Amino acid sequence: MITLTPETLAPPGRSRRRRKTAELEPRTRAVGDRLAAVSSRPAGTALAELGVTYKGLTQQEAARRLHRLGPNVVAQQRVPHWTIQLVTSFRNPFIVVLACLAAVMYISDPADPGVLILTTMVLISGLLRFWQEHRSGKSARALTALVSTTTAVRRRPSRHATPVTAEVPLDDVVPGDIVHLAAGDLVPADLRLLTAKDLMVSQAALSGESLPVAKADTREGGDGQSETTDPVEADNLCLMGTSVTSGTAAGVVVATGSDTYFGSMAGSLSGERPETSFDVGVRKVSFLLIRFMLVMVPVVFAINGLTKHDWAEAFMFAVAVAVGLTPEMLPMVVTTNLARGAVAMARHKVVVKKLNAIQNLGAMDVLCTDKTGTLTEDRIVLDRCLDVHGREDDEVLQCAYLNSHFQTGLRNLLDKAVIDHVQEAEEIVVDAAFTKVDEVPFDFERRCMSVVLARTALTGRPGDGQHILISKGAAEEILARCLQMRDGARTVALTDELRQHVTRICEDNNRQGLRVLAVATRTFPGDRDTYGVDDESELTLVGFLAFLDPPKRDAAAALRGLADKGIAVKVVTGDNELVAARVCRDVGVDVGDVVTGSEIDAMDDALLRECVARNTVFAKVNPVQKARIVRAVQADGHTVGFLGDGINDAAALRESDVGISVDTAVDIAKESADIILLEKDMTVLERGVLQGRTTFGNTIKYIKMTASSNFGNVFSVLVASAFIPFQPMLAIQLLVQNLAYDISQLATPWDRMDPEYLQKPRTWDPRGIGRFMLLIGPTSSIFDMTTFLLMWHVFGADSTAHQTLFQSGWFIEGLLSQTLIVHMIRTRKIPFIQSRASLPVLFMTAAVMAFGVFLPFSPLASSVGMQALPLGYFPWLIATLLAYCALTQLVKTWYVRRFDAWL
């Protein structure tokens, strides 16, 4: 018995997510080897090993196996209880800092209003995140629904009873069950086929191939197939996660649940997600600001204690400075930004499962996408009808249509494509012009089918008494039965030279990524009504049919739109390299060299990084190889999105920074995704990218505004504390000023971004934020110091007796300059002239500035240690603010030229 324990475990230093991913490949390989072994043995041997006969299990034995082996379910992401989600929503470094500061303030003075202010900020931020993610999670789970919840199973009520076929829940299927399949059924487990008729199975979810594949035990006597080691390619295996498109079959269940090929992948995909670029970026920026606070607050405390000799007051002032330095609204602003983005994307039929994914979508600079259903329409169409020289020929279409139209067996997707290609009016004419005599059904040995027709009076040749046999099937099979070919109006012998010529025509179309069938005819005297396989000989080749899964009409435009936004697209598909290259060329992708999965297996991680940097199209890749490609792109510093909907996409979806799937995807793909599209439309992605960049832009605005203005304030406090014999501003005044400024920031999520900002990906840049803070922050300190001089020398606030006047004057100037900086920093252009903020931002900043001017004149002034200012103060204030705006614009112009960056 083959063990499912990985041969080589990942190094213990890695995260659990990385270790489980490393275990994915050997586990899946072990399951694949076991299934290949089952495929290679005769059907009777497979039944004997499972302890079952063709009659099926008894109900009692099935119940015992279900109890011993467990239900037929794969490992799924367990949804945490809402209480766990609630606690996780508060797991943010700034929320922890705010909670600690609130605790310190409460211990020092339980009645301090700052305690209530900080507690409110913490609660709003955490609860808002919890509500949005909990609601989105419920919406995503509501999308998950199986096509079928039961399957037809043959069982016996008792050992000697007659077998009965009944519908059984998928979860109750056990190894040894005999399952009956028909068109439209999901394959409930891994099956070894026992019988099959015209069976076609869609394996796109596992392999990525758009066309269904034929399945049957093609060996005589069910002797098995030893030539393949890949269970997906075995003709006599049907795997969980695939579906039947046509035909019927019966098979014995050889594996269920986590022991299936699908389950071996799904088991390694449950659990925690790896860190995304958003998580890393937020963490780095958070700790940058926290480190800055940990340096500055002790300095402020020491200077105030040493100069004022009141260490208790110095401590409370240092706590207030710590609150001022902490961008306490960051969790709330980020969450509000992301929640607003989620609401906006929901209007475009996009469900956001993880709020952080919105920012990752904006930061994405490489999109890896599957081909089927994203670049293509996920349907088969007849692309061309060619004569023996490769020219378009209506006679080929007519013969193909007659074959598909008059057959009575289950029509496959290729037959439907032929019928859909013909106009409805022509169908009526055909029905009247021909009558069916007989047909020779399709089978997997011949790989073709034939109909025999007689002409009616409408053909213009009534009563000729001849029957026409029209065969359609695999090109090599039809060619082997042909002795002649149609060459225009003539019928000529199919010589060896001409046979090579028509074979080249077929191969040329195959190299273009087309599925090619051949059409041939033979005329018989109308003296019999039955025909058989032996009559499919001495045929006349008419021409070829070429099919493809066509590119979406808007795919090329969508890819150009993504390229214009700075996003490179890499196509990663399980389909073959010829089909992948054809589709990519049709949608405008620069194909270059197509890299196959076997080539990827031969590369180490360093070589793969070089390979993915050079190449765009990857074909015939399995789930593990897809995940390796994603990690290789990430290792080069890119933010990677992955768009896919199959089982074979699930590992890559989880490894990517933002996993994108669709509501029609398999369950494991939807569980692995961060974003679910309700429509397979890449133009929706482009809108999502713009929304993500707007969200990030508004977030970075707040961080840079707050960090730079807070640094300027602290710098001013340090200078004032060193030279002024009293506190330049009371702790309560700092808290009120900070709260008022934060309230003005609540409208930031509703601000607009300049169109130029949205044209390229945006990522977290902690070094750039630190540089911005150190260079832009002191600009405000210049005018704080002019205000100090103004209050000291012009208005006489130069002693402890007049400190209230001094503090009131600086409070107004500090709050108004802080609020004006919102408009200066939000754009690299000239504010109000070249770029104007949204109405909510204009309203909130105006309201806060009005509040700041009004507070010293209000009845609340005395409670916060302020007094009314003389009217002569305000002309100086206006001049100060105008000079501040002018200097800030000059500094901004220099900064942009020097660093080629602003936000």
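Biologist: Which residues of helix H18 (residues 555-564) are buried?
Modeller: Bear in mind this is a predicted model: local features need pLDDT of at least 70, side-chain atom pairs count only at pLDDT 80 or more, and totals for chains, interfaces and linings use all residues. Helices are DSSP runs of H or I with at least four residues, strands E runs of at least two, both numbered from the N terminus. Buried is under 20% relative accessible area, exposed over 50%, and partly exposed in between (1.4 Å probe, protein chains only). In H18, that picks out Ala-555, Ala-556, Ala-558, Leu-559, Gly-561 and Leu-562.

Biologist: What is included in the cover over those buried residues of H18?
Modeller: Residues are numbered from 1 along each chain as its sequence is written, and side-chain values use heavy atoms, leaving out hydrogens and water. Going by contacts (heavy atoms within 4.5 Å), the cover includes strand S10 (366-369), strand S19 (568-572) and H25.

Biologist: H25 has Thr-694 in it; is that residue buried or exposed?
Modeller: H25 spans residues 682-723, with Thr-694 among them. Because its relative accessible area is 14%, Thr-694 counts as buried.

Biologist: Which residues does Thr-694 touch, skipping those up to four places away in sequence?
Modeller: Within the helix, its side chain reaches the backbone oxygen of Leu-690 at 2.9 Å. Leaving out residues up to four places away, Thr-694 touches Asp-751, Met-753 and Leu-758.

Biologist: What volume does the second largest cavity have?
Modeller: On a 1 Å grid over the protein atoms alone, a cavity is a set of points where a 1.4 Å probe fits but cannot get out. Points join across faces, edges and corners, and volume is the space filled by probe spheres set on them. There are 8 cavities of 30 Å³ or more, and the second largest comes in at about 60 Å³.

Biologist: Which strand and helix each supply at least two residues of that cavity's lining?
Modeller: Lining residues have an atom within 4 Å of a point; among them here are Thr-245, Ser-246, Leu-413 and Leu-414. The elements giving at least two each are strand S8 (243-255) and helix H14 (413-421).

Biologist: What share of contacts between residues at least 6 apart in sequence joins residues at least 24 apart?
Modeller: The protein chain has 30 helices and 24 strands, and buried residues make up 57% of its 903 residues. For contacts between residues at least 6 apart, the share joining residues at least 24 apart is 75%.

Notes. 1 Å grid on protein atoms, 1.4 Å probe; cavity = no way out; pocket = protein on both sides within 12 Å on 5 of 7 lines; lining within 4 Å. Polar contact = N/O pair within 3.5 Å; in protein donor to acceptor, adjacent residues only side chain to side chain.
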